[in-house]
Number of protein chains: 2
Amino acid sequence: MNNTTSFPKSPAWHEVKIEGGFWGERQATNRERTIPAIYHQTKLTGRLDAWKLEWKIGQPNPPHIFWDSDTAKWIEAVAYSVATQPNPDFERQVDEVIDWIAEAQLEDGYANSHFIAVEPENRWRNLRDQHELYCAGHMIEAAVTYFEATGKRKLLDVVCRYADHIDRTFGAHEGQKRGYCGHPELELALVRLFHATGERRYFELAKYFIDERGQQPHYYDLEARARGEDPRKFWAKDYTYCQAHVPIREQSNIVGHSVRALYLFSAVTDVALETGDDGLLAVARTLWDDLTQRQTYVTGGVGSIHTIEGFTFPYNLPNETAYSETCASIALAYWAQRLFKLDPDSRYIDAMELALYNAMMSGVSYEGSLFFQANPLEAYPKVSPYELFNTMMTGDHYQRTAWFDVACCPSNLARMVASVGAYFYAVTPDRLYVQLYNQSHTKLIVGGQAVQIEQHTNYPWEGEVTLTLTMEQPTRFELALRIPRWCREYGIEVNGAAVPTQPERGYVVIEREWQTGDTIRLVMAMPIERMVAHPHIRQDAGRVALQRGPIVYCVEEADNGAALASIALPHEAALTYAFDNTLFGGVGTITGEAVRIEPVQWNSDPYVPASAPQAAPTPFVFKAIPYCFWANRQPGEMRVWLLKT
Amino acid sequence: MNNTTSFPKSPAWHEVKIEGGFWGERQATNRERTIPAIYHQTKLTGRLDAWKLEWKIGQPNPPHIFWDSDTAKWIEAVAYSVATQPNPDFERQVDEVIDWIAEAQLEDGYANSHFIAVEPENRWRNLRDQHELYCAGHMIEAAVTYFEATGKRKLLDVVCRYADHIDRTFGAHEGQKRGYCGHPELELALVRLFHATGERRYFELAKYFIDERGQQPHYYDLEARARGEDPRKFWAKDYTYCQAHVPIREQSNIVGHSVRALYLFSAVTDVALETGDDGLLAVARTLWDDLTQRQTYVTGGVGSIHTIEGFTFPYNLPNETAYSETCASIALAYWAQRLFKLDPDSRYIDAMELALYNAMMSGVSYEGSLFFQANPLEAYPKVSPYELFNTMMTGDHYQRTAWFDVACCPSNLARMVASVGAYFYAVTPDRLYVQLYNQSHTKLIVGGQAVQIEQHTNYPWEGEVTLTLTMEQPTRFELALRIPRWCREYGIEVNGAAVPTQPERGYVVIEREWQTGDTIRLVMAMPIERMVAHPHIRQDAGRVALQRGPIVYCVEEADNGAALASIALPHEAALTYAFDNTLFGGVGTITGEAVRIEPVQWNSDPYVPASAPQAAPTPFVFKAIPYCFWANRQPGEMRVWLLKT
């Protein structure tokens with residue numbers, strides 16, 4: 001097959017207007033606090049001014065190899081934001097930088113602020129480590145989005161010239177470099193550029209990069225030797241780190257750096273979508289299963305160690321030292337959305353929903369201007385001076401910070417929050433999938449005509465969703481409502497009459513002739529669940545995590561005092577949900593009877609026989625808050641997995 | 001006070017003849033396998049031949065700064081061994097090396113194989129990092145022991161000349177360096193040299209090193225600047241690593257590298273013993289309490305992280321990534337024995353006993369020629385290639401190896417096992433303390449005459465100990481039997497008649513006129529105990545460790561299959577002890593009813609609601625073996641702390 005029209009399509013981000021609720025509040029904070037904070041930091045640190053090419057050898061603060069990607073993601077976040085909420089200041093800030101970029105672009109199309117200013121002699125000499133093509137990818141994504149959001153094509157023209165230069169430079173033809181980037185990203189960006197411009201060369205270039213990856217003789221070996229380096233001295237030891245250890249079609253496990261892996265397989269899925277390549281699809285599905293069945297935290301986050309910011313081995317999911325990078329949750333959503341198109345099954349959206357609400361939103365403070373790259377599931381204060389040696393801990397208290405030297409996450413999060421509406425629906429000519437639930441309205445073409453859908457809901461705090469349809473004339477199509485994996489009991493009414501609820505691949509599909517005023521009511525029971533982990537996840541053995549709807553909860557020292565590890569939940573104890581209007585603008589909380597050993601009652605022996613006289617556990621009322629809002633009060637302990645008795 | 005005669009004294013190692021049992025078998029293996037393996041490795045790696053000073057610049061394998069300490073500890077192990085079990089081959093091997101050392105010693109007394117051959121210009125220029133005085137300390141200990149064991153004084157003469165050189169070089173007088181070693185060890189060695197030679201200058205030098213440590217202006221700062229280095233760039237960040245952050249009298253927590261700390265405080269206690277300095281004793285006791293109440297594993301091991309091979313902060317005791325260095329358990333025993341002299345309380349010996357049987361003996365294979373430096377309390381196979389980045393894991397399976405580049409532990413263990421008899425008793429003029437129980441006999445002066453003591457026991461596998469006394473004529477003294485901390489029920493008979501058992505500071509003291517043929521029978525109940533940890537030790541929350549007598553048990557994949565984290569012990573389930581003659585020459589084992597979730601019965605979801613249908617725990621008979629014998633069969637998982645239900 002090479003006809004992609006039958007695949008479900010996502011709406012453009014600006015077609016879905018989010019009106020309050022969880023994502024409406026997050027988008028408001030994103031606009032009012034996060035995007036301005038990112039502009040402030042990118043400006044302050046020299047990332048934007050780098051494009052003026054004023055840096056000279058010997059001066060401090062040379063433009064860094066990652067900087068263009070940060071600038072690009074800020075532009076992209078602005079683009080998504082202004083498309084739904086015009087903001088002339090945002091656009092003015094972006095247009096100024098685009099002028100500098102256009103001015104800086106070289107005659108041959110090359111456009112990278114680090115290599116033009118700092119080390120022009122090293123252009124394309126170290127694809128493995130230097131992120132040149134990665135930066136190009138983010139620039140392309142920014143340009144496509146800004147063009148689609150504003151109609152302004154100056155940056156799009158720049159990146160087309162740059163993509164043309166890359167297309168001339170890389171490939172299998174005589175005189176071309178047979179390389180590909182150590183950090184995948186350009187591949188998915190080139191597919192977006194193809195869709196935006198219709199220029200199929202860009203797609204073919206993406207496909208080339210994917211096919212070439214991991215082939216022998218290995219480009220990174222050749223390239224290292226050409227630099228006079230021993231390829232065996234690669235710091236990450238082998239090319240699993242960048243998913244280039246074997247050709248993609250031979251890969252069978254999700255390995256290496258998590259963001260690299262998930263960007264790469266997003267593009268692999270794009271190529272499979274476009275070419276109908278069942279082999280690539282099979283690899284993508286196998287790796288997705290490995291990711292979501294054996295390498296995912298209960299929060300939806302992925303990537304278990306800091307050292308490679310990535311994967312180790314199945315079921316190795318340490319909580320305190322979890323990496324669970326904010327960017328990886330975003331990249332997981334990209335991949336999920338693409339796999340859904342090829343294979344319309346709710347499990348992709350289930351994983352995406354979990355990551356977006358929990359692991360990703362932990363990445364930004366409630367007020368919007370402080371960020372986490374790593375999102376651990378347990379946090380303890382550290383009093384040793386050896387923080388840099390001790391990967392157990394990252395500071396006296398792990399807290400969000402305003403910026404990072406390698407600052408990939410803040411702007412990535414800003415662009416995802418600004419565009420989250422694009423993940424609410426998917427449509428084929430005759431089916432409308434409802435993927436995510438949030439107060440919103442949209443207008444989409446289905447059944448041959450424009451159908452307006454209004455969602456009324458207080459999801460994720462309540463499980464009731466009402467959809468109201470408006471259209472010019474009655475039309476037949478299938479309405480497919482996602483029944484989230486967390487939901488085990490639900491009912492559906494259309495215009496007040498119950499309808500059968502047998503799901504197909506995670507969706508209840510209602511086919512009928514719809515007309516204006518039709519109302520669909522989905523009521524999902526949303527009990528508090530004690531989640532237990534697969535017995536191979538040794539770090540969670542004997543523990544439960546609390547989840548209600550798609551929201552995973554945690555306990556914090558602010559509510560429960562310190563020594564959280566000593567709190568145990570009896571399995572029969574009642575748990576109570578309440579919505580607390582006073583906390584973080586209104587969030588759900590869980591309280592319940594637990595027990596704890598009071599450390600102050602313990603004697604000086606660190607270990608005592610269980611049968612010996614000792615402090616008895618005392619009743620204790622604990623309070624849990626949504627994990628995504630942790631670390632927004634006084635610094636202290638946090639944990640997701642609680643001991644059970 | 002400056003009269004040390006009232007302190008309990010330890011017997012010399014050769015005064016206690018160990019006859020089979022746990023320590024007899026370990027000593028036999030030590031003689032027959034471990035010491036020869038160490039000789040083979042020290043020879044093979046060039047450590048011994050380094051003293052021929054044949055290495056020239058440009059050649060491979062230059063003598064390393066640590067090498068002399070390995071050679072010295074091998075000599076010391078041989079010395080202890082030949083004193084109780086003559087072995088002309090061992091002595092010939094040592095005498096040959098001593099000839100080379102004597103030949104290599106410089107005119108001024110300096111004797112270090114690395115600095116003489118490799119970088120003479122850097123002698124005494126980097127006390128912080130280069131282990132020069134540390135190596136001197138081990139050479140002194142070796143010389144004292146070899147002299148005491150064999151009467152041969154060639155090495156003793158060498159080290160006296162070397163100590164004289166050090167005494168001239170370091171001190172508070174004009175023209176002397178005010179330095180001290182980054183790795184304490186020399187201090188305790190100088191006290192031993194003082195006792196062996198009667199030369200008080202050596203004691204004063206030890207005292208000087210202790211008093212000078214951590215004073216301002218800081219010697220390591222001055223020394224670094226003199227080398228043209230920025231002292232702030234010290235790799236370990238600050239001088240807590242080597243316990244030189246503040247003067248010793250101002251220290252209030254056990255910090256930094258564990259072996260450094262415990263060697264240092266052994267010497268601090270020696271100085272307090274000699275001088276009666278209550279201030280130093282108070283510091284030592286405070287730090288001992290911090291160590292044993294907040295920084296010790298249930299196996300008796302200490303030091304929780306690999307990066308600094310040392311301490312982090314109270315109650316931070318990760319099991320999988322535990323460092324628990326073999327050398328640290330030995331150093332803990334040194335310190336315990338010294339503190340006991342100043343403050344005769346069984347708690348020091350309790351901590352020592354636990355470390356010797358468990359954390360230390362895990363450091364050597366059952367057959368005797370393979371070693372661990374780190375002794376974790378949990379081990380899992382690792383299938384990621386990133387082992388060097390991942391401090392979680394040290395290999396595909398963590399297994400003992402024949403040698404190490406930094407090989408401090410094998411010869412340290414060999415010298416402790418060979419001399420363990422010295423820890424069995426302590427005597428004052430009128431009291432005989434029985435500290436450790438093992439089949440053995442000894443003759444000690446107490447109550448003014450030589451008393452022969454025979455121990456008949458199958459300790460640590462059985463709790464019954466019979467002591468038989470032999471002496472020329474009846475004499476009055478106190479017999480103080482240690483009641484180990486693990487023991488909660490016991491009875492004592494003298495010549496068949498029960499005696500009162502109220503302990504004083506951990507000892508039941510029986511004062512009477514003793515005569516030949518008197519028999520003392522101590523019967524300690526030795527139930528299997530489920531140990532629970534202090535609620536602040538978050539890594540052990542919800543878990544139990546099995547201990548019987550002084551022996552801590554573990555479960556291994558070899559007996560129980562993989563996925564050990566999924567095994568849970570119901571609190572009411574019976575546990576059964578049995579002595580298995582077929583395993584490791586005969587060891588105790590524990591079996592019991594447990595439950596486990598069979599991973600194969602789990603569905604593909606990594607997390608499910610506890611209330612949802614899922615695999616039920618199935619009954620399972622587990623088997624546990626002594627922790628010190630783990631990793632002696634096929635590679636696989638191991639864990640000490642088991643989930644409880």
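I started at B:Pro460, which lies in the loop between β6 (449–457) and β7 (464–471) of chain B. Helices (H or I, at least four residues) and strands (E, at least two) are DSSP runs, numbered from the N terminus. I noted that this is a predicted model, in which local features need pLDDT of at least 70, side-chain atom pairs count only at pLDDT 80 or more, and totals for chains, interfaces and linings use all residues. Residues are numbered from 1 along each chain as its sequence is written, chains are lettered from A and ligands numbered from 1 in the order in which they are written, and side-chain values use heavy atoms, with hydrogens and water left out.

**Entry: the β6–β7 loop in chain B**

I checked the peptide bond from B:Tyr459 to B:Pro460, and it is cis, with omega near 5°. The flanking strands, β6(B) and β7(B), are joined as a hairpin through six residues. They run antiparallel and share seven bridges; two strands count as paired if DSSP finds at least two bridges between them. I picked out one bridge here: B:Ile453 has B:Leu469 in β7(B) as its partner. β7(B) also pairs with β12 (residues 519–524) of chain B, again in the antiparallel sense, over five bridges. In that pairing I found B:Leu467 bridged to B:Ile520 of β12(B).

**Entry: other backbone oddities**

I looked for another cis bond and found one joining B:Gln216 and B:Pro217, with omega about -5°. B:Pro217 sits in the loop between α8 (200–212) and α9 (219–226) of chain B. Over in chain A, I logged A:Asn495, a residue other than glycine with a positive phi, near 50°. A:Asn495 is in the loop between β9 (490–494) and β10 (497–498) of chain A.

**Entry: chain A against chain B**

How many residues of chain A are in contact with chain B? I get 71 residues of chain A in contact with 74 residues of chain B, taking contact as heavy atoms within 4.5 Å. The two chains bury about 5700 Å² between them, 65% of it on carbon and sulfur atoms. Buried area here is the accessible area (1.4 Å probe) that two parts lose on being put together, summed over both.

The rule finds four salt bridges across this interface, a salt bridge being a side-chain nitrogen of Lys or Arg within 4 Å of a carboxyl oxygen of Asp or Glu. I wrote down A:Arg485 with B:Asp605, whose side chains meet at 3.3 Å, N to O. I also have 18 residue pairs in polar contact across the interface of chain A and chain B, both at pLDDT 80 or more. A polar contact is a pair of N or O atoms within 3.5 Å; within protein, one must be able to donate a hydrogen and the other to accept it, and residues adjacent in sequence count only if both atoms are side-chain atoms.

On the chain A side, α11 (278–294), β13 (528–533), β19 (607–609) and β22 (641–644) each supply at least two residues. β13(A) gives the most, with five residues. I split the chain A side into 39 nonpolar, 19 polar and 13 charged residues. For that split, Ala, Val, Leu, Ile, Met, Phe, Trp, Tyr, Cys and Pro count as nonpolar, Asp, Glu, Lys and Arg as charged, and the others, Gly among them, as polar.

Strands pair across the chains too: β19(A) and β13 (residues 528–533) of chain B run antiparallel, joined by three bridges. A:Pro609 has B:Met531 as its bridge partner there.

**Entry: domains 1 and 3 of chain A**

I pulled the domain assignment of chain A: domain 1 (9–253 + 366–422), domain 2 (425–524) and domain 3 (528–644); such bounds come from an automatic or database domain assignment. The centres of domain 1 and domain 3 of chain A are 38 Å apart, taken over C-alpha atoms. Their contact takes 16 residues from domain 1 and 16 residues from domain 3.

Domain 1 and domain 3 of chain A bury about 1500 Å² between them, 55% of it on carbon and sulfur atoms. A:Tyr366, A:Leu377 and A:Arg400 supply 35% of the area that domain 1 buries against domain 3, more than any other three residues.

I count one salt bridge between these domains. A:Glu378 forms a salt bridge with A:Arg639, the closest N and O atoms being 3.3 Å apart.
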